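Thank you all for coming; I would like to walk through one structure this morning, going from its sheets to its cores and then to its ligand. Please have a look at the sequence and the model first.

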Amino acid sequence: MNKIEVNQLTKVFGSHPQQGLKLLKDGKQKEQILEETGMTVGVSQSSFSVKPGEIFVIMGLSGSGKSTLIRLVNRLIEPTDGEVFIDGEDITKMDKKTLTETRRQKLGMVFQKFGLLPHRNVLQNVAYGLELQGISKQEREERAKQTLQDVGLKGYEDSLPSQLSGGMQQRVGLARALTNDPDILLMDEAFSALDPIIRTEMQDELLKLQNKLGKTVLFITHDLDEALKLGDRIAIMKDGRIVQVGTAEEILENPANDYVTKFVKDVD
Ligand code: ADP
Ligand code: MG
């Protein structure tokens, strides 16, 4: 069974999303819909699946719909149409309680802007989610310490986020996402705010971690080199649509259309 299965997922932002959906089904493009109705198509009729243990990258320019897509996958926003299965269960149909539980057990999210609590130390930041679940202080701290060790931050438990470099802050972000030992990591431009050298370091760290912990990763980036380096498979997005899915090799050797060709032509 696939870890994530996305089926004809669509998100239209605006006053009459169902009308936008109908226009999409009639074959209208995002640009036309915006012009005619003022509604924005975030994601349009997109389908893909992520297999257990793979790093699946979604790559596309700014505004192509990547963040909307990943937010639909953990249902931070509601779809206009389509389905999202996590381990075979459609999360778009779940009641709130089951959704919260599924998110907690199965999904860990890492954000571009780290999202750390500034007045709490590293250990407290990582343990925060466990605190909300009512787990005892002792267990929280044990688990948080272990996760910090996993991401190479042993010894930094008492530091405040502001005392750490960007790369180390993002390690805390990663540790926080891992505290519940979720099967799936959702990462939205998680390394995009980092300096190039640190960024490369974090990419290597993720590959190492994924190898060790065997997580399934849905990774979003606007950087083709990052996509090619990390992705077991890569989906390329344009104007809310997925235009090609394939391995790095498949995409480089057999670009599906002119858009992808243009995108990959500078890679050697
Ligand atoms: P990306 O992450 O690839 O940069 P986004 O998913 O953020 O792209 O955005 C895709 C499209 O949806 C953009 O045109 C954006 O302006 C629009 N969009 C995203 N969020 C909202 C929102 N809350 N309200 C209206 N339009 C939105
Ligand atoms: Mg984005």
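Let me begin with one pair of residues: methionine 237 stands opposite isoleucine 242 in strand 10, where strands, at least two residues long and assigned E, and helices, at least four residues long and assigned H or I, are DSSP runs numbered from the N terminus. Before going further, I should say that this is a predicted model, in which local features need pLDDT of at least 70 and side-chain atom pairs count only at pLDDT 80 or more, while totals for chains, interfaces and linings use all residues. Residues are numbered from 1 along each chain as its sequence is written, and chains are lettered from A and ligands numbered from 1 in the order in which they are written.

Strand 9, residues 233-238, runs antiparallel to strand 10 and is joined to it by five bridges; two strands are taken to pair if DSSP finds at least two bridges between them. Both belong to an open sheet of six strands, in the order 6-7-8-3-9-10, with mixed pairing. Its edge strands are strand 6 (107-110) and strand 10 (241-246), each of which pairs on one side only, and the twist from one strand to the next averages 15°, with axes fitted as lines to C-alpha atoms, for helices over the stretch in contact, and angles running from 0 to 180 degrees between N-to-C directions. Helix 7, residues 166-178, packs on this sheet, touching strand 6 and strand 7 (184-188), and its direction makes about 165° with that of strand 6; contact here requires C-beta atoms, placed from the backbone, within 7 Å.

A further open sheet has four strands, in the order 2-1-4-5, with antiparallel pairing. Strand 2 and strand 5 (89-90) stand at its edges with a single partner strand each, so one side of each is left without a neighbour in the sheet. Strand 1, residues 4-13, pairs with strand 2 over seven bridges, and along that pairing isoleucine 4 stands opposite valine 50 and valine 12 opposite valine 41. Strand 1 also pairs with strand 4, residues 81-86, over five bridges, with asparagine 7 opposite glutamate 83.

Turning to the interior, the largest nonpolar core has 60 residues, and those with the most contacts inside it are Val57, Val73, Leu186 and Leu218. Such a core is a set of buried Ala, Val, Leu, Ile, Met, Phe, Trp, Tyr and Cys residues joined through C-beta atoms within 7 Å, and buried means that 20 or more other C-beta atoms lie within 10 Å of the residue's own. Helix 7 provides the largest share of this core, six residues. Leaving aside neighbours within four places in sequence, leucine 218 is in contact with Ile4, Val50, Phe56, Ile70, Val73, Ile184 and Leu186.

Is leucine 107, in strand 6, buried or exposed? Leucine 107 has 21 C-beta neighbours inside 10 Å and therefore counts as buried. Not counting residues up to four places away in sequence, leucine 107 touches Asn74, Pro182, Ile184 and Leu186.

Finally, the ligand: the residues surrounding ligand 1 include Phe13, Thr40, Lys66, Ser67 and Thr68. Strand 2 (40-50) and helix 3 (66-73) each supply at least two residues of this shell, and helix 3 gives the most, with three.

How values were computed: A residue is near a molecule or strand if its C-beta atom, placed from the backbone, lies within 6 Å of it. Two residues are in contact if their C-beta atoms, placed from the backbone, lie within 7 Å. A residue is buried if 20 or more other C-beta atoms lie within 10 Å of its own, exposed if 12 or fewer, and partly exposed in between; C-beta atoms are placed from the backbone.
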